[in-house]
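Me: Got a minute to go through this one with me? I'd like to start with how the chain is divided up.
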Amino acid sequence: MTTDRKPFLDVRSEIGKLKAVMLHRPGRELERITPQYLHELLFDDIPWLKKMREEHDGFADALRMRGCTVYYYQDMLADILKDEHVKEQLVAEVLTKCNIANPDLEELIKDFLMEKTPQEIAEILIAGLHKKDFPEIQREKRLVDHIKEEYPFYINPLPNLYFTRDPGAVIGNGLCVNSMNTHARDRETMILKYIYTYHPNFEKDVTPLWYDYDRRYSIEGGDILVLGENVIAVGCSERTSARGIEDLAMNLFKGDGKIQKVIAVQIPFTRAYMHLDTVFTMVDYDKFTIYPGVEDKVKAFCLTEGKNCPKVEPMGNLQDALKQALNLPSIQFIQSGGGDEVTAAREQWNDSTNTLAIAPGVVVTYNRNEASNDTLRKYGIEVVEIEGSELVRGRGGPRCMSMPLNREKI
Ligand SMILES: NC(=O)NCCC[C@H](N)C(=O)O
């Protein structure tokens with residue numbers, strides 16, 4: 001029997017008109033960041049939540065105005081928590097990972113959570129549970145209760161969740177639930193796996209899972225670029241491991257047969273470069289915006305199907321690799337900051353190259369990156385600007401803040 005129903009997940013390019021996206025509206029988790037835990041929570045500054053939310057709502061509105069349906073991670077999580085069995089299982093798994101040393105206390109926290117509504121639990125699983133927010137209940141003290149431990153949370157907050165790009169990536173009609181490189185972001189992917197497994201929209205039975213969060217080798221979504229129907233690029237970076245790329249490639253090649261090539265792009269392993277999309281994004285059929293100088297620091301390799309592991313062949317420079325991958329006679333690199341070293345470095349700090357394509361030649365960017373945005377316009381790109389003075393403090397731009405679920409074919 002054939003059906004005309006459109007699939008929920010369908011991403012065959014970086015630039016096809018964006019039809020549906022998953023976002024997370026910043027919440028109380030951002031107010032849990034203190035100077036002491038900045039580094040551990042992967043922030044460089046203390047964010048102001050009220051302003052951040054206004055800016056994020058502006059981002060969501062800009063997408064809706066262009067015909068994109070916005071789904072929120074927290075709503076989808078609350079949806080699946082309506083099922084008692086899922087609620088029990090997820091709460092238990094979260095608490096196991098929290099390493100609460102006193103089993104009686106773990107049990108009490110579990111009871112405390114199980115009495116909450118699905119919306120309230122969803123919020124706590126994202127915002128975390130601060131020790132001061134848990135009611136003091138009479139219980140037998142264990143040694144650990146007498147030892148003063150500084151860490152303030154029973155359940156740690158997930159302040160990086162508004163960068164929904166990183167925990168998951170839709171490739172074709174399947175989902176890659178990523179294995180995060182940092183402990184601070186682990187639970188983001190665990191929850192996404194539950195959403196994939198239990199949310200009816202994800203149609204698990206017909207949706208391939210290309211990767212899983214408990215795999216040993218890290219992969220993060222900011223490194224994954226769906227260049228076309230048959231080819232993706234994956235940054236080999238501070239966050240994404242070479243073995244992770246090989247394993248993902250093998251799963252894709254074995255899958256529905258659409259992805260035949262994975263271009264691995266090695267970028268410098270430093271926080272300034274973090275993910276491939278921190279320095280390089282696709283903005284049109286044959287155009288990419290790039291942080292000046294990156295081309296000279298990267299190496300590209302072509303992975304194709306092999307017997308026990310993918311066949312690996314070194315490619316020429318990045319431009320040649322992309323021409324080959326996209327089967328185009330030429331590719332244009334648009335240098336951020338207009339190519340000026342100082343401006344490019346300043347705007348790169350504020351994610352000037354982290355653009356989100358919402359249609360071929362149309363991108364969403366932060367308005368503060370004036371020189372980079374002007375340069376994009378000079379190359380004929382339509383630039384939809386959003387405010388990002390506070391959003392930027394988490395070190396990511398519009399691409400990092402979005403997980404495309406569905407794009408029109410190009
Ligand atoms: N794709 C991206 O580059 N995402 C930005 C993630 C920023 C976040 N503070 C992190 O360090 O993971």
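Reply: Sure. One thing up front: the domain bounds here come from an automatic or database domain assignment, and the model is a predicted one.

Me: OK, so which residues go into which domain?
Reply: Domain 1 takes 18–71 + 159–407, and domain 2 takes 76–155.

Me: How far apart are the C-alpha centres of domain 1 and domain 2?
Reply: They lie 32 Å apart.

Me: And how many residues of each domain are in contact?
Reply: On the domain 1 side 13 residues are involved, and they touch 16 residues of domain 2.

Me: Which element gives the most to the domain 1 side?
Reply: That's H7, with 6 residues on the side that touches domain 2. By class, that side of domain 1 has 7 nonpolar, 2 polar and 4 charged residues.

Me: Let's stay with H7 then. What's the angle between H2 and H7?
Reply: About 60°, with the axes 10 Å apart. Helix H2 covers residues 73–80 and helix H7 covers residues 186–198. At that angle H2 is oblique to H7.

Me: Left-handed or right-handed crossing?
Reply: H2 and H7 cross in the left-handed sense.

Me: Which residues make the contact?
Reply: From H2 you have Met-76, Leu-77 and Ile-80, and from H7 there are Ile-191, Tyr-194, Ile-195 and Tyr-198. Sorted by class, the contact of H2 with H7 has 7 nonpolar residues, no polar and no charged.

Me: What about H3 on H7, at what angle do they pack?
Reply: About 165°, with 11 Å between the axes; H3 is the helix at residues 84–97. Angles over 145 degrees count as roughly antiparallel, so H3 and H7 are roughly antiparallel to each other. H3 passes H7 in a right-handed crossing.

Me: Who's touching whom there?
Reply: H3 brings Val-86, Leu-90, Glu-93, Val-94 and Lys-97, while H7 brings Arg-187, Met-190, Tyr-194 and Tyr-198. The split for H3 with H7 is 6 nonpolar, no polar and 3 charged. Tyr-194 and Tyr-198 of H7 are also listed in the contact with H2.

Me: Moving along, how do H3 and H4 pack?
Reply: Their angle is about 140° and their axes are 10 Å apart, with H4 running over residues 103–114. The H3 and H4 crossing is right-handed. Lys-87, Val-91, Ala-92 and Leu-95 of H3 meet Glu-106, Ile-109, Lys-110, Leu-113 and Met-114 of H4.

Me: And the class split for H3 with H4?
Reply: You get 6 nonpolar, no polar and 3 charged residues.

Me: Switching to the ligand: which residues come nearest?
Reply: There are 15 residues around the ligand, and the nearest are Leu-42, Gly-222, His-275, Gly-396 and Cys-400.

Me: How many nonpolar, polar and charged residues are in that shell around the ligand?
Reply: The shell has 4 nonpolar, 6 polar and 5 charged residues.

Terms used:
Residues numbered from 1 in each chain as written. Predicted model: local features only at pLDDT ≥ 70, side-chain atom pairs only at ≥ 80, totals over all residues. Near = placed C-beta within 6 Å. Nonpolar A, V, L, I, M, F, W, Y, C, P; charged D, E, K, R; others polar. Axes fitted to C-alpha atoms, helices over the stretch in contact; angles between N-to-C directions. Helix = DSSP H or I, 4+ residues; strand = E, 2+ residues; numbered from the N terminus. Parallel < 35°, antiparallel > 145°, perpendicular 65-115°, else oblique. Left-handed = near helix turned anticlockwise from the far one by under 90°. Contact = placed C-beta atoms within 7 Å.
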